[in-house]
Amino acid sequence: MLEMNGISKIYRTDLIETHALRNFSLKVGDGEFVAVTGPSGSGKTTFMNVAGLLENFDTGSYSLDGQDVRRLSDEQRSRLRNEKIGFIFQSFNLIPDLDIYDNVDVPLRYRGLASKDRDQRIKSALEVVGLSSRMHHMPSQLSGGQQQRAAIARALAGDPRFLLADEPTGNIDSLMARQVMDLLEQINEMGTTIIMVTHDPELARRAQRNVHIVDGQISDFRPYQPRPEVEAAAIAAGPAPMTLAPA
Amino acid sequence: MLGYYFKLATRNLRRNAGLTALMIGAVALGIAVCVMTLTLYRAMSGNPIWWKDDVLYAVTMDSWDPNEAYFDDERSELPPEQLTYRDTMALLQSDIPKHTVAMHKAVGVLDTDDPAVLPERVRTRVTTADFFAAFEVPFQYGGAWSDEADRSAEPVLVLSRKMNDKLFGGQNSVGRRIRWDDREFRIIGVRDHWEPLPTFYDLNNSSLEEPEEVYIPFGWNVALEIYSAGNTNGWKPEQINTYQDFINSESIWIQMWVELPDADTRQRFQAFLDNYATEQKKAGRFQRPLNKRLTPVSQWLVDNRVVGNDDRILVGLAFAFLAVCLLNTVGLLLAKFLNGAAITGVRRALGASRRQVFQQHLVEVGVISGMGALLGLALGGLMLMGLRALYTVDPTEGGGTQAIAHVDVTSIVAALALALIATIAAGLYPAWRIGRIPPATYLKAQ
């Protein structure tokens with residue numbers, strides 16, 4: 001459970017103050033798939049950074065899985081981030097001089113897992129995203145869609161409770177975008193809570209719930225409703241090339 | 001995690017190869033200059049026979065000009081560092097010291113029967129036999145001559161190991177004949193490797209000379225009319241036409257050392273010196289206030305300014321240069337780390353804490369400093385070799401810096417420690433700084 005109450009975040013310079021989030025409140029239940037939409041500069045990324053414990057907030061309260069994050073030290077926040085949150089970025093953010101295997105290894109290293117355990121998790125995550133055969137490729141040797149799948153594998157390897165995806169399909173073509181969305185949905189079906197920022201209304205419609213942000217505030221909640229037309233389109237496109245392996 | 005950080009560090013070195021090379025170069029240059037300066041300073045400032053500091057004394061007496069002190073104003077209270085021949089001979093009569101060394105530098109031509117070996121001018125020390133015992137000079141073959149050989153000028157000499165290697169291929173040459181200045185001598189011993197730095201026992205000309213290649217008994221001075229190849233100073237207008245005139249003159253040219261094993265012998269020898277000086281004053285010599293001293297080695301090095309202010313300033317400048325190099329390295333490190341800030345942001349997002357980011361970058365600094373230290377060490381060695389090549393003109397003059405122109409184990413350890421401590425200290429700020437950057441700053445922009 002992710003619960004924000006009255007969060008505000010202000011960026012200050014010598015000349016101006018920018019209210020990125022204003023009295024922002026949101027509750028995301030376990031296993032939900034929430035799409036966050038809004039115009040550029042509305043505060044979507046700030047919300048994701050605060051939710052992902054990458055930035056502090058000025059006022060309000062934020063509880064992640066029952067833990068009040070405001071009182072946590074950097075060490076505790078980093079640990080919580082490492083154990084509970086997986087990130088997927090628009091620009092993939094793979095480390096360019098590490099191969100895919102080592103990229104997926106990064107969060108597991110910080111968790112202090114044993115080598116054998118890490119190896120199992122890496123291989124399993126890469127299998128889930130269909131990149132087992134590319135594990136020793138460098139990021140530059142992969143297509144955009146493959147890089148994003150590698151990034152998803154990296155997010156999944158740590159078995160997080162929350163997956164925060166910031167425009168995960170923003171840098172890939174529509175076919176790849178559909179595959180990535182399919183993959184996210186499968187991950188969600190396995191119980192991982194997903195919060196996804198997107199500009200694409202089509203993708204947002206596939207989420208269970210939409211949160212629309214304008215000027216740092218939530219302007220619209222749209223609860224989950226089954227959308228038969230989306231499902232029909234997915235069926236027409238055929239089965240996704242990637243499947244989730246059993247845990 | 002240390003192994004992981006080390007792996008990342010070596011990988012990161014390649015990421016900005018130019019920047020990395022600049023940093024390693026800057027550290028290496030600073031370290032090299034420090035290694036060279038410290039090696040020289042260490043060679044000059046050490047007491048190479050510290051364990052005998054309470055028993056070994058330089059003997060000095062003020063026989064100098066009644067109107068003018070021997071040394072300048074700052075050291076006017078000190079007597080001259082050398083003795084006249086006649087005072088030396090008088091002091092040699094005392095049997096109080098355990099060992100008495102009277103000596104001076106000379107140059108002679110060494111010649112063997114082997115026609116393949118050309119005669120060679122060699123640096124020679126004309127000395128009493130106690131030189132070897134008092135200064136604990138090791139022997140490869142044979143040993144020193146007897147006191148009797150000093151008195152009766154026996155034709156015996158000691159070769160250095162280096163000279164023995166050159167002339168006899170390192171074989172035991174004891175008993176073989178050799179000519180020194182056209183006089184036949186019998187080799188009685190071969191001195192083993194011995195390189196006291198500074199050459200405390202004779203600080204004339206240089207404190208960094210190599211020990212001489214040949215040693216002959218002090219008694220040969222008169223028979224062969226051997227003059228000093230070191231400093232000979234005089235203050236009195238005297239007619240010196242013959243060698244006899246020379247040794248009877250007020251010219252000072254002989255160094256004297258005594259070994260006094262306990263307080264009692266020290267007191268007795270001091271009294272002996274006092275009596276001698278008083279007698280000489282009565283006889284019309286020693287017209288300056290009586291000033292005769294027994295000076296231990298450590299004080300001797302200070303009195304003779306073996307380590308001058310210039311040397312200390314040089315060390316200071318070397319460290320200032322290192323500081324400049326390290327400041328540049330700090331800038332380069334910051335540039336390198338900030339260049340990789342986006343990746344650090346990703347690592348933070350994936351769970352790295354500030355502490356872990358700090359540690360990772362510190363290990364990277366350690367790898368850079370280690371490489372800088374190794375390169376600096378090699379550069380320092382080259383600089384010392386260059387120094388030797390620059391100042392070694394005439395081998396018979398000992399080269400001056402030959403003995404110090406190598407990097408010893410202490411220098412290696414000091415250089416490594418210096419590089420690691422200095423560079424890691426310099427890298428603390430960049431490593432800390434990179435950990436403080438909010439990770440979100442770079443995640444969207446990458």
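How many residues does the contact take from chain A and from chain B? I began my notebook with this question. I note that the model is predicted.

**Entry 1: the contact between the chains**

I looked up the contact and found that it takes 21 residues from chain A and 20 residues from chain B. I then asked which helices of chain A supply residues to the side that touches chain B. I found that α1, α2 (74–84) and α3 of chain A each supply at least two of them. I sorted the residues on this side of chain A by character and obtained seven nonpolar, seven polar and seven charged.

**Entry 2: chain A as a whole**

I listed the elements of chain A, which has eight helices and 10 strands. Chain A has 247 residues, and buried residues make up 45% of them. I also examined contacts in chain A between residues at least 6 apart in sequence, and 70% of these join residues at least 24 apart.

**Entry 3: the four-stranded sheet of chain A**

I traced an open sheet of four strands in chain A and wrote down its order as β2-β1-β4-β5, with antiparallel pairing. Which strands are at the edges? They are β2 (17–28) and β5 (67–68) of chain A, each of which pairs on one side only. I followed strand β1 (residues 2–12) of chain A beside β2(A) and counted eight bridges in the antiparallel sense. I saw that helix α1 (residues 44–51) of chain A packs on the sheet, where it touches β1, β2 and β4 (59–64) of chain A. The direction of α1(A) makes about 60° with that of β2(A).

I returned to the two paired strands and noted that β1(A) and β2(A) form a hairpin with four residues between them. I looked up two residue pairs across the hairpin. Y11(A) stands opposite T18(A) in β2(A), and M4(A) has L26(A) as its bridge partner in β2(A). For background, I recorded that in a regular strand the side chains alternate between the two faces of the sheet.

**Entry 4: helix α4 of chain A**

I selected helix α4 (residues 115–128) of chain A, which has 14 residues. From its first C-alpha to its last, α4(A) reaches 20 Å, close to the 20 Å expected at 1.5 Å a residue. Which residues of α4(A) are buried? They are R121(A), I122(A), A125(A), L126(A) and V128(A). These residues lie on the same side of α4(A) because they cover an arc of only 150° around the axis. I looked for what covers them and found α3 (100–111) and α5 (144–157) of chain A among the elements that do so. After α4(A) comes G130(A), whose phi is positive, near 75°.

**Entry 5: helix α12 of chain B**

I turned to helix α12 (residues 341–349) of chain B and found it mostly covered, with eight of its nine residues buried. Among the buried residues I noted I343(B), V346(B), R347(B) and R348(B). Just after α12(B), G351(B) takes a positive phi of about 120°.

**Entry 6: one alanine in chain B**

I located A133(B) in helix α4 (residues 130–134) of chain B. Is A133(B) buried or partly exposed? I counted 14 C-beta neighbours inside 10 Å, so A133(B) counts as partly exposed. Leaving aside residues up to four places away in sequence, A133(B) touches H99(B) and A144(B). I also compared A133(B) with E259(B): they are 126 residues apart in sequence and 9.5 Å apart in space, C-alpha to C-alpha.

**Entry 7: backbone exceptions**

I first recorded that most residues other than glycine have a negative phi, and most peptide bonds are trans. I then looked for exceptions in both chains.

E167(A) is not a glycine, yet its phi is positive, about 50°. I placed E167(A) in the loop between β7 (162–166) and α6 (174–189) of chain A. E167(A) is buried, because 20 other C-beta atoms lie within 10 Å, and a residue with 20 or more counts as buried.

D181(B) is also a residue other than glycine with a positive phi, near 50°. I found D181(B) in the loop between β7 (177–180) and β8 of chain B. With 19 other C-beta atoms within 10 Å, D181(B) is partly exposed.

Which peptide bond did I record as cis? It is the bond from L197(B) to P198(B), with omega near -5°. P198(B) has its place in the loop between β8 (183–191) and β9 (214–217) of chain B.

Note on methods
Residues numbered from 1 in each chain as written. Chains lettered and ligands numbered in written order. Predicted model: local features only at pLDDT ≥ 70, side-chain atom pairs only at ≥ 80, totals over all residues. Buried ≥ 20, exposed ≤ 12 C-beta atoms within 10 Å, placed from the backbone. Contact = placed C-beta atoms within 7 Å. Expected span 1.5 Å × (residues − 1). Arc of directions from axis to C-beta. Pairing = 2+ DSSP bridges. Axes fitted to C-alpha atoms, helices over the stretch in contact; angles between N-to-C directions. Nonpolar A, V, L, I, M, F, W, Y, C, P; charged D, E, K, R; others polar.
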